[in-house]
Amino acid sequence: MRTGARSRRWSAAAGLAVLAAAAGGALSPPAAAQGETPPGQVEFPTHCLPPQEAGLPPADGPTTARLTVDDPAPQVGDTITVTYQVAATPAVNPAGGDLPADALIPTGRILLSGAQSGEVTVVGARRNDPVPAGAPLPAVTMTGSFTVTAPGETTLAPGAYTLHTGVPPALDTVCTPATAAPVSERLTATPLPTANLRSVSLGAAHGKPGDTVKATAAGFTPGAAVTIAGRAGAAQTGDAVTAAADVLGVVRAELPVTDRATTAVVAYEGAAWSAAQGSGPAAYTVIDASPPPSPAPPPSPAPPSSAAPPSPAAPPPSAAPPPSPLPSGTQKLTATVDPGALGMTQSGEDITLGAVPYGDGGAAPGRIGTVTVTDARGGPAGWSLIGKVTDFTGPGGVRIPGASLSWTPTCTAAAGSASTCTPGSAGPVGPQGAVLASTADAPLAGGTFTIDAAVTLQVPRYTPPGAYAAVLTLTLS
């Protein structure tokens, strides 16, 4: 494992394998008052094609439907349950005789548009009264779920649905909207809070007064003027340089460090550094290895005379006194403590999450490989360990959003460590990133820290079976 002065990027490619599935129970939407049209109920022309073996002509007519969601104001990463209720359909019983009770299995699709696009599969339970031969098929209710992946307003409209007779002979009547169905439901999602991922790393952790240190700052606004400056505790020192961020938000500059009070380097946009708009400090030590002044020799005894000799002329105030030799048999000792590096290691390579049954979906649990962070820089700067995860990709390119992965971090400082380790908040990881653990800036920071996290992937209902893999990247800065 390579370690460096202040910031080191370290990535762990972890194949997170899960078996995905889901199941559907029917949820009935809230009932409207007597004689009122339920909120969100829509009507659209439908073409219902009965099974060929039934010998029936297509049925055309209106479908009356309604969509509802369990949370119209979610946050990105939340799982939403959606209900598709068909109150009336032009489809008729395709069986040659009466259709018995609890023999009809409905499935359908819901179309998403706006901030998030795609389709949601919904399934209903066998729940119907007997249907006479040739009579219209009854109302059905179907449910499904999806994960919110984008902030903003998403609209939901009914799509095609299939009415399957689950008794021999098994027959499917497929009903397709003749024109696009109107919007029946909508939700407005708020984005996840994002961590400040601005950082600065140095080419060296220490130097003599007047040395120039190479600094690389990342995570800033492309084209913005970024100041790279020395710090001494909460104050900025006289060491500073300004450069423009490139198209990737990266700044590379050389900072002359002449102020002996400088103990760290930060990068920031705007007039002054702030925790929200600037990087965390990168430790830097100014080492002045010049020997300390020699001690003065003991005074000589006065001459035995009652009259004091004339005093020699005093040297001008600007003239430094010449160094005095050390008394015989004495030596000067000078010791220097060189700062070390910030780095980390992780046990294991892959993370395998638990399996979930097809149809039910739900939580697939697991745990990351234990991370050990060693901070031997000996300066005032703390550190942050950030995690990001890609979308999970499975059979046929089916994806489970990375925002569906949540973690609960823990962090322990080894005995004797100068810093206290703080675990990140429990919650979604996602592609935006979340803090796994951190230590605060302090007059003297450092130590050895052990970090773990329990992870859970929320698998939507009726996700196609198979293994779904993603990449978790950890960045230490």
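A disulfide is taken here as a pair of cysteine sulfur atoms within 2.5 Å. By that criterion, Cys411 and Cys421 are linked, and their link is right-handed, with 85 degrees about the S-S bond. The structure is a predicted model, and a search of the whole of it finds two disulfides. This briefing covers both links, the strand β11 with its partner β9, and the surroundings of Pro132.

**Disulfide Cys411–Cys421**

- The sulfur atoms of Cys411 and Cys421 lie 1.5 Å apart.
- This pair links distant parts of the chain, with Cys411 in strand β28 (residues 405-413) and Cys421 in strand β29 (residues 421-423), 10 residues apart.
- Cys411 has a relative accessible area of 13% and is therefore buried, the limit for that class being under 20%.
- Cys421 is likewise buried, because its relative accessible area is 10%.

**Disulfide Cys48–Cys175**

- Cys48 and Cys175 form a disulfide in which the sulfur atoms are 2.2 Å apart.
- The link of Cys48 and Cys175 is right-handed, with 115 degrees about the S-S bond.
- Distant parts of the chain are joined by this pair: Cys48 belongs to strand β3 (residues 41-49) and Cys175 to strand β10 (residues 171-177), a separation of 127 residues.
- Cys48 counts as buried because its relative accessibility is 1%.
- Cys175, at 0% relative accessibility, also counts as buried.

**Connectivity of the disulfides**

- When bonded cysteines are counted along the protein chain, the disulfides follow the pattern 1-2, 3-4.

**Strand β11 and its pairing with β9**

- Side chains alternate along strand β11 (residues 185-189).
- Glu185, Leu187 and Ala189 point to one face of β11 and are buried.
- Arg186 and Thr188 point to the other face of β11 and are not buried.
- Strand β9 (residues 152-165) runs antiparallel to β11, and five bridges join the two.
- Within this pairing, Glu153 has Thr188 of β11 as its bridge partner; Thr188 is one of the β11 residues whose side chains are not buried.

**Pro132 and its surroundings**

- Pro132 is located in the loop between β7 (118-123) and β8 (140-147).
- With a relative accessible area of 47%, Pro132 is partly exposed; the class of exposed residues requires over 50%.
- Leaving aside residues up to four places away in sequence, Pro132 touches Asn93 and Asp98.
- Pro132 and Asp98 are 34 residues apart along the chain, while their C-alpha atoms are separated by 4.4 Å.

Conventions. Residues numbered from 1 in each chain as written. Predicted model: local features only at pLDDT ≥ 70, side-chain atom pairs only at ≥ 80, totals over all residues. Heavy atoms only, no water. Buried < 20%, exposed > 50% of the residue type's maximum accessible area, 1.4 Å probe, protein only. Helix = DSSP H or I, 4+ residues; strand = E, 2+ residues; numbered from the N terminus. Pairing = 2+ DSSP bridges. Contact = heavy atoms within 4.5 Å.
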